[in-house]
Amino acid sequence: MKHDRSRDLYDRALSVMPGGVNSAVRAAVEPYPFFVHKGDGGHVVDVDDNRYVDWVMGLGPLLLGHDMPESVRAAVQRRASEGPMYAAPTEVEIELAEFVTRHVPSVEQLRFVNSGTEATVSAVRLARGYTGRNKIVVMQGGYHGAQETTLVEGDAEHPRPSSAGIPQSFAEHTLPVPFNDRDAMREVFEAHGDDIAAVLTEPILGNYGIVHPEEGYHEFLRNITAEHDALLIFDEVITGFRVGGLGCAQGRFDVTPDLTTFGKIVGGGFPVGAVGGRAEIMEHLTPAGDVFQAGTFSGHPVTMAAGLETLTYAAENDVYAHVDDLGERLRSGLEDIVADQAPEYTVAGTASMFKVLFTRDGTEPTCAADVERGETDRWRRIFWESMLEEEIFLSQNQFECQFVSHAHTDEDVDRTLEAYKEAL
Ligand SMILES: *Cc1c(COP(=O)(O)O)cnc(C)c1O
């Protein structure tokens with residue numbers, strides 16, 4: 001397999017972009033990433049004309065695959081040609097907000113922003129403004145975008161920034177605890193309950209392996225936050241409109257968060273984020289309330305149209321049945337292969353999310369630390385590359401999950417299972 005043009009482009013990119021990329025994970029593969037020419041259904045074609053089965057799907061947004069259905073394409077083209085944006089409101093913002101509030105019962109009102117990061121920044125500020133408290137509890141290994149409050153590691157007693165450029169005095173307002181650990185959560189509320197504005201968590205950790213909540217864990221979070229007048233924020237940037245279909249993961253788990261952040265799918269492949277929740281909380285955002293929030297591009301008509309038409313298409317077609325079925329086929333095929341060839345590894349996922357975790361003892365991870373202890377170097381240096389040689393594109397590190405789209409086929413699944421058989 002040749003990568004000459006990608007190699008040349010990466011050489012050029014390194015001169016004008018730090019690390020040659022605009023988002024860090026894209027350069028997680030060595031020696032350099034392939035550059036994309038175009039997408040095609042469930043496949044992606046690189047600039048050297050190699051074609052891969054694409055299970056990355058933009059890291060989540062592309063529920064329908066690379067080809068927009070006619071209704072989505074027409075709406076995007078019309079909006080773009082009418083003049084892309086205005087700094088004045090448009091009807092399509094209301095339509096997408098109405099769609100979301102209709103399908104996600106915890107959400108009465110929404111504020112659209114431009115990325116998942118911006119959504120969690122806004123949700124955290126809103127939670128602090130609403131409660132008058134400072135501290136945010138997060139899960140170790142949870143990901144909420146590139147923002148100051150959540151780029152924090154360590155534990156609740158010793159939080160520290162996980163990136164240069166963040167003051168220790170900021171990190172002290174963030175309390176990281178292990179996912180699924182109820183005792184750790186109880187301790188944090190005993191020690192800091194009066195100053196906890198919110199618990200912020202992904203319903204399923206999707207950026208650190210795939211780690212599922214244990215039975216009853218979300219009900220536990222719902223209860224302990226309510227007891228202490230803290231908010232429960234679900235970060236559904238990945239799981240929203242993917243797990244649990246249009247009702248999202250909160251519908252699947254039957255838990256009602258106070259606030260929810262969205263991103264990825266809700267913009268139909270264009271830059272997007274959103275915060276939603278009860279009107280009584282949401283109305284603390286400016287101009288209704290006093291928690292400042294604004295954005296030049298927020299509610300961008302092209303994005304709103306793409307999101308609305310994508311979700312409408314999903315509502316009117318067999319999208320979730322198809323992606324969940326293929327997800328199930330992949331996971332059960334992978335379980336057979338793993339049992340045979342690598343019994344120490346685990347197959348994780350649900351609905352249209354999947355990942356083979358290179359664990360060392362075959363037990364399903366309950367928190368991020370379990371994933372971190374895996375054979376991450378083998379995954380990155382040996383396995384990923386072998387899969388690429390078999391024309392299968394997987395997410396660029398051991399920690400990010402992979403996604404089935406409506407454009408994938410049974411044949412893609414068969415080819416992928418064969419490749420895992422070769423590469424594992
Ligand atoms: C991707 C992601 C984000 C960040 O979204 P961006 O659009 O990349 O800023 C936040 N939270 C979760 C759970 C995500 O998966």
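# Strand 12 and its surroundings

F262 stands opposite A274, a residue of strand 12. This is a predicted model, and the chain in it has 14 helices and 16 strands. Strand 12 covers residues 273-277, and because five of its five residues are buried, the rest of the structure largely encloses this strand. Below are the details on that strand, then the whole chain, then a few backbone oddities.

**Strand 12 and its partners**

- In general, side chains of a regular strand alternate between the two faces of the sheet.
- In strand 12, one side carries G273, V275 and G277, the other carries A274 and G276, and all of these are buried, so both faces are covered given that buried means under 20% relative accessible area.
- Strand 11 (residues 259-263) runs antiparallel to strand 12, and five bridges join the two.
- Strand 4 (residues 109-113) also pairs with strand 12 in the antiparallel sense, again over five bridges.
- On the strand 4 pairing, Q109 has G277 of strand 12 as its bridge partner.

**The chain as a whole**

- For 424 residues, a compact globule would come out near 22 Å in radius of gyration, and the 21 Å of this chain agrees with that.
- Along the principal axes, the C-alpha atoms fill a box of roughly 55 × 55 × 45 Å.
- Of the 424 residues, 54% count as buried.
- Take the contacts with a separation of 6 or more: residues 24 or more positions apart account for 70% of them.
- About 17,800 Å² of the chain is exposed, with carbon and sulfur atoms supplying 47% of that area.
- On the charge side, there are 34 positive and 69 negative side chains, and the centres of these two sets lie 4 Å apart.

**Backbone oddities**

- As a rule, most peptide bonds are trans, and most residues other than glycine have a negative phi.
- The E30 to P31 peptide bond is cis, with omega near 0°; P31 sits in the loop between helix 1 (4-16) and strand 1 (36-40).
- T286 to P287 is also a cis peptide bond, with omega near 5°; P287 belongs to the loop between helix 9 (279-282) and helix 10 (301-316).
- N180 is not a glycine, yet its phi is positive at about 70°.
- You'll find N180 in the loop between strand 8 (174-177) and helix 6 (182-192), and its 8% relative accessibility makes it count as buried.
- C248 has a positive phi too, near 70°, and its place is in helix 8 (residues 248-253).
- With a relative accessible area of 0%, C248 is buried.

Methods
Residues numbered from 1 in each chain as written. Predicted model: local features only at pLDDT ≥ 70, side-chain atom pairs only at ≥ 80, totals over all residues. Heavy atoms only, no water. Buried < 20%, exposed > 50% of the residue type's maximum accessible area, 1.4 Å probe, protein only. Helix = DSSP H or I, 4+ residues; strand = E, 2+ residues; numbered from the N terminus. Pairing = 2+ DSSP bridges. Rg over C-alpha atoms; globule rule 2.2 N^0.38 Å. Contact = heavy atoms within 4.5 Å. Areas by Shrake-Rupley, 256 points an atom, 1.4 Å probe, with all protein chains shown as cover. Lys, Arg positive; Asp, Glu negative; His and termini not counted. Charge placed at Lys NZ, Arg CZ, Asp CG, Glu CD.
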